[in-house]
Amino acid sequence: MAEKETILKVEGMYKSFGMTKALKNAHIQLFRGEVHGLIGENGSGKSTLSSIVAGIQDCDEGTMEFKGQPYKPKDIFDAEEKGIAMVGQEQNTLEDTSVAENIFIGKEGRFLTGPIVSSRKMNAAAEKILSSLGLDKIRPEGRIGGYDFEQRKLVEIARALCDEPELLIIDETSTALSKYGREILYANINRLRDDNRAVLFISHDIQEIMTVCDCVTILRDGDIIRTIEKKDYDEHVMKQLMVGREVDEDYYRTDYDPRLTDEVALRADHIYTELLKDISLELHYGEILGIGGLTDCGMHELGQVLFGLQKPIAGEVKTGDGTLIRNSTVSLNKKIAYISKNRDKESLMIASTILENICLPSYNKIRKGFYISNSAERQFAEKCAEVLSVKMDNIRQNVMYLSGGNKQKVAVAKWLGTEADIYIFDCPTRGIDVGVQSDIYDLLEDLRKQKKAILMISEELPELIGMSDRILIMKDGKMAPPIDRSPDVTETTLIDYMI
Ligand SMILES: Nc1ncnc2c1ncn2[C@@H]1O[C@H](COP(=O)(O)OP(=O)(O)OP(=O)(O)O)[C@@H](O)[C@H]1O
Ligand SMILES: [Mg+2]
């Protein structure tokens, strides 16, 4: 076999944020023609490492070599020019600009006609890239704000691919994509590999890592633990190396008991929106009702309608006692909690502290009369953060600086203290590592045992099967008849309804 050719070498890399040592002597070597996976628990340093390579931030110490030359990008544009592009973990498009402008931020100079940037030329170039990716529904001149979460991520992918990078970095992107979007992503990853370029691929889905990557490096607490070649993959060993201890693989419920009550908590009657077509459902206290389907089947929109964030064109949502859910203020008053899939924009106040995020929905409980004591606030927030092992410096740290998965934990934690009665969770374990996923499942089970009503929207079939009392599968805005919890339900049962 021919000798492998190194494309990127990182050595002795350190990075700290205050007391947090995000990288400790990290090293990694990537080869041409390979897709290299990077896995590790939430906060282990994956995004930090990859964003340094992509020129988004500097390291404190360490050296990098790219294509045999010393490499130290000044910024993201410099890195892109040298051949390294990255699709980041969080949403990273600019609200008030067009799709084409997003694709070509920092590259406007290419479209100058005299001193003026020609939108016509820029749109034509964007159109070419979008259509080469099969994204004809996304219009170059369209405002980015008019596109949904997944489409925006696809625009970011188009941006990263527009100059055919030699090294493409994908940070936890698949969870934002539907099957269709993932296929586009995988096809391009394979194309780059076949073209003797390289890909660094980050994901919490070990199955996906094992399928997509030729080798995988494991990070734990900022340390590189080991790199494993495809032929030596072993899911159990990989998980164990990530968390540094034996992991319990039986996360899900083991019972097949009937649901705990027949009392209706929330009822949707013949809901229509642009996407949803005649959706009716009843959520009961003491049950976990799973809603599944492909990303674009309408299930995320249904979550918003149920919480009152989106008004249906026809039909209504009511609580069991007959209160009409007109808007989210009514929902909060009726003790309904909601976690959106789009955590940065809809579930968190990203520029506020962990404490503020966690305490906000619970001030009625924390306050004594008109008085809110600092220590009561702190204790309350610390307790909620501890339940989900949020990795942080301190409770007054800004949420913006947490790792992706730790943000997700805060988004979940803030509802734990509220003692809501009805929970609408849209992809509760998105971006959460294997160690903490089981904590979230335990929590869902606890809520169920307390006879709370839980509606769980999920794209993960094992999670739906493992946790739900009933499962409703959606397809093209319509809903299939309920599937009751039973040992006989398999992924194939669900897929048959999905496609
Ligand atoms: N700008 C920042 N300021 C302060 N702390 C930061 C900053 N960026 C990262 N950190 C901290 O560095 C550590 C590593 O974070 P990083 O985002 O690299 O983790 P990750 O492995 O990508 O996790 P996840 O799986 O949750 O995305 C975390 O403890 C995080 O809180
Ligand atoms: Mg990350």
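**Two domains and a ligand shell**

Mentor: The protein chain of this predicted model has a secondary structure of 18 helices and 22 strands.

Trainee: What radius of gyration does the protein chain have, and what does the globule rule give for 499 residues?

Mentor: The globule rule gives 23 Å for 499 residues. The chain's own value is close to that, so the chain is as compact as a globular protein of that length. The radius of gyration of the protein chain is 23 Å.

Trainee: What share of the contacts in the protein chain with a separation of 6 or more is between residues 24 or more positions apart?

Mentor: A contact here requires C-beta atoms within 7 Å. Among contacts with a separation of 6 or more, those between residues 24 or more positions apart make up 69%.

Trainee: Into which domains is the protein chain divided, and what distance separates their centres?

Mentor: The division gives domain 1 (6–243) and domain 2 (264–498). Taken over C-alpha atoms, the distance between the centres of domain 1 and domain 2 is 29 Å.

Trainee: Which helix supplies the largest share of the side of domain 1 that touches domain 2?

Mentor: In the contact between the domains, 21 residues of domain 1 meet 21 residues of domain 2. On the domain 1 side, helix H5 (149–161) and helix H8 (235–243) each supply at least two residues. The largest share, 3 residues, comes from H8.

Trainee: How many residues of each class does that side of domain 1 have?

Mentor: The classes are nonpolar, polar and charged. On the side of domain 1 that touches domain 2, they number 5 nonpolar, 10 polar and 6 charged.

Trainee: Where does ligand 1 lie with respect to domain 1 and domain 2?

Mentor: The shell around ligand 1 has 20 residues, the closest being Phe17, Asn42, Ser47, Ser403 and Gly405. Strand E2 (20–31), helix H1 (46–53) and H15 each supply at least two residues of this shell. Because domain 1 and domain 2 both give residues to the shell, ligand 1 lies between them.

Trainee: Which class, nonpolar, polar or charged, has 13 residues in the shell around ligand 1?

Mentor: The shell contains 4 nonpolar and 3 charged residues. The class with 13 residues is polar.

Trainee: How far apart are the end C-alpha atoms of helix H15 (residues 404–416), and how many of its residues are buried?

Mentor: At 1.5 Å a residue, the 13 residues of H15 should span 18 Å. The end C-alpha atoms of H15 are 19 Å apart, which agrees with that expectation. H15 is also mostly covered, and its buried residues number 13 of 13.

Terms used:
Residues are numbered from 1 along each chain as its sequence is written. Chains are lettered from A and ligands numbered from 1 in the order in which they are written. This is a predicted model: local features need pLDDT of at least 70, side-chain atom pairs count only at pLDDT 80 or more; totals for chains, interfaces and linings use all residues. Helices (H or I, at least four residues) and strands (E, at least two) are DSSP runs, numbered from the N terminus. The expected span of a helix is 1.5 Å times one less than its number of residues. A residue is buried if 20 or more other C-beta atoms lie within 10 Å of its own, exposed if 12 or fewer, and partly exposed in between; C-beta atoms are placed from the backbone. The radius of gyration is taken over C-alpha atoms; the globule rule is 2.2 Å times the number of residues to the power 0.38. Two residues are in contact if their C-beta atoms, placed from the backbone, lie within 7 Å. A residue is near a molecule or strand if its C-beta atom, placed from the backbone, lies within 6 Å of it. Ala, Val, Leu, Ile, Met, Phe, Trp, Tyr, Cys and Pro count as nonpolar, Asp, Glu, Lys and Arg as charged, and the others, Gly among them, as polar. Domain bounds come from an automatic or database domain assignment.
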